[in-house]
Amino acid sequence: MTPPPVPQGRVVIENAALATVDTEGTEHSSGHLVVHGDRIESLGPGPAPAGLTDVRRRVDGTGHLLTPGLVNTHHHFYQWLTRGLATDHKLFDWLVALYPTWARIDEPMVRAAARGSLAMMARGGVTCAMDHHYIYPRGAGDLSGALVGAALDLGVRFTLARGSMDRGTSDGGLPPDFAVEALDEALAATEETVDRFHDTAFGAMTHVAVAPCSPFSVSTELMRQGAELARRKGVRLHTHGSETREEAAFCRELFGMGPTDYFASTGWLGEDVWMAHCVHMDDADIAAFARSGTGVAHCPSSNARLAAGIARVPDLLAAGVPVGLGVDGTASNESGELHTELRNAVLVARLGPHREAALTARQSLRLATAGGARVLGRQDEIGSLEPGKLADLVLWRLDTLAHSTIADPVAALVLGAPAPVTLSLVGGRPVVEHGRLVHADEDLVAREARDEAGRLAALMG
Ligand SMILES: [Zn+2]
């Protein structure tokens, strides 16, 4: 699968409000940005400089806010086919209810689910997505190829976190034995996925991470050897951690320590690691994450949907822990788009002990852009509007009924209704134009996903 060619010429965007999310948080109430090829060439207040040559497109951003593209740091695309099931369960009961269905997925289902998940996110301003895929039924086909292909087709930058599970119920784990892989099989397949898809170039469309699923579904040996594999290959590590009280109790009973100490003991703290959730962390856990540079994918909607709890995001940020936002799988967040996470990150944090000082709208936008880029190890390429970075950006329309009276454009984006995307670019290439996907027919994506969801449901009788 080859990445698309770098576009030629310049794109000039003018008259929009700009929130650059650079280190200083620079904003312009009316400014310009120039894209050259796949990079941001220049930006600033007022109109673009006169005399620019080779301009292939000019965009009038009046009534709009221009931001970096949103970065999603945790997801499970296949769950697009099992939304709205087990809606009143907490995590372990929800997993046990859904594992048997998930263990029946195959390549066409995963492709349709990935297209649905990616289409929903791209439409909502995501330009860099990730998928933590950890169910590989025997004979299901080329699932990793389907996932990578779907992202390339839609034009979205992508990290495939090649997941795995090898601790079935007979080994004290939560998933049924028929849903897990053997240790050696999982490691070999993960290595093959890295070799096949991981692109080390600046501006790569595809990264691969090593991603055993969670302490309660993975053997200690797979955690250890997975970390070794990732470091030998120079790729990042991802897993679920400290999501629920039940997980903490599981770790104490089986390993004699809490989740963070268990991760430390298996090589899973470090600058190359990011973990989903991290809800149940004490001060020592947060300090260990900060010291090691371990990142967090904060998923407020999923944490609420599964009654997991409120992550200590203000404390994580104060300690210097890298934090991004995540949709999580759509079986625990049926909305499937990242806007709810920007909004809920603020609202949920303010229900915690820090109250109104917990998180601002601007901090939330930073989590969803620069924070996510750092968590995915791509802070030099994406996450802020700065000359030399990739032209991954979104022009949000804020002059319609939903937003026209909200005084502050960043508050409008984060706290208001989901804003329509007039234009999003990934590496200078349009992915969304006037709310529609450029590279896919949204109605067809919806139909295909519905058909594959129906086929999966029929397999279950
Ligand atoms: Zn998850």
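These legends accompany close-up views of a predicted model.

**View 1. The span annotated in UniProt as "domain: Amidohydrolase-related".**
The annotation comes from an unreviewed UniProt entry and covers residues 66-405. Helix makes up 41% of this span, and strand makes up 15%. The C-alpha atoms at its two ends lie 18 Å apart.

**View 2. Thr-127 in strand E7.**
Is Thr-127 buried or exposed? Thr-127 has a relative accessible area of 1%. That value is under 20%, so Thr-127 counts as buried. Its contacts, leaving aside neighbours within four places in sequence, come from several parts of the numbering. Gly-69 and Leu-70 are among them. Val-156 and Arg-157 also touch Thr-127. So do Asp-392, Leu-393 and Val-394. Leu-425 and Val-426 complete the list.

**View 3. Ala-140 in the loop between strand E7 and helix H3.**
Strand E7 spans 126-133, and helix H3 spans 143-154. Ala-140 sits in the loop that links them. Its relative accessibility is 9%. The cut-off for buried is under 20%, so Ala-140 is buried. Which residues does Ala-140 touch, not counting those up to four places away in sequence? They are Ile-105, Asp-106 and Glu-107. For scale, Gly-168 is 28 residues from Ala-140 in sequence. In space, the C-alpha atoms of Ala-140 and Gly-168 are 19 Å apart.

**View 4. The largest pocket and its lining.**
This pocket holds about 390 Å³ of space. Its lining has 20 residues. Tyr-136, Pro-137, Arg-162, Glu-181 and Ala-189 lie nearest the centre. Two elements, H3 and helix H4 (183-197), each give two or more residues to the lining. H4 gives the most, with 6 residues. By class, the lining of the largest pocket has 9 nonpolar, 4 polar and 7 charged residues.

**View 5. The second largest pocket and its lining.**
About 330 Å³ of space lies here. How many residues line the second largest pocket? The lining has 18 residues. Nearest the centre are Val-323, Arg-366, Ala-370, Gly-371 and Arg-374. Helix H12, residues 361-375, supplies the largest share of the lining, 6 residues. The lining of the second largest pocket divides into 8 nonpolar, 5 polar and 5 charged residues.

How values were computed:
Residues are numbered from 1 along each chain as its sequence is written. This is a predicted model: local features need pLDDT of at least 70, side-chain atom pairs count only at pLDDT 80 or more; totals for chains, interfaces and linings use all residues. Side-chain values use heavy atoms; hydrogens and water are left out. Helices (H or I, at least four residues) and strands (E, at least two) are DSSP runs, numbered from the N terminus. Buried means under 20% relative accessible area, exposed over 50%, partly exposed in between (1.4 Å probe, protein chains only). Contact means heavy atoms within 4.5 Å. UniProt positions are given in the numbering used here, feature names are shortened, and annotations may be inferred rather than shown by experiment. On a 1 Å grid over the protein atoms alone, a cavity is a set of points where a 1.4 Å probe fits but cannot get out, and a pocket is an open set with protein on both sides within 12 Å along at least five of seven lines; lining residues have an atom within 4 Å of a point. Grid points are joined across faces, edges and corners, and a volume is the space filled by probe spheres set on the points. Ala, Val, Leu, Ile, Met, Phe, Trp, Tyr, Cys and Pro count as nonpolar, Asp, Glu, Lys and Arg as charged, and the others, Gly among them, as polar.
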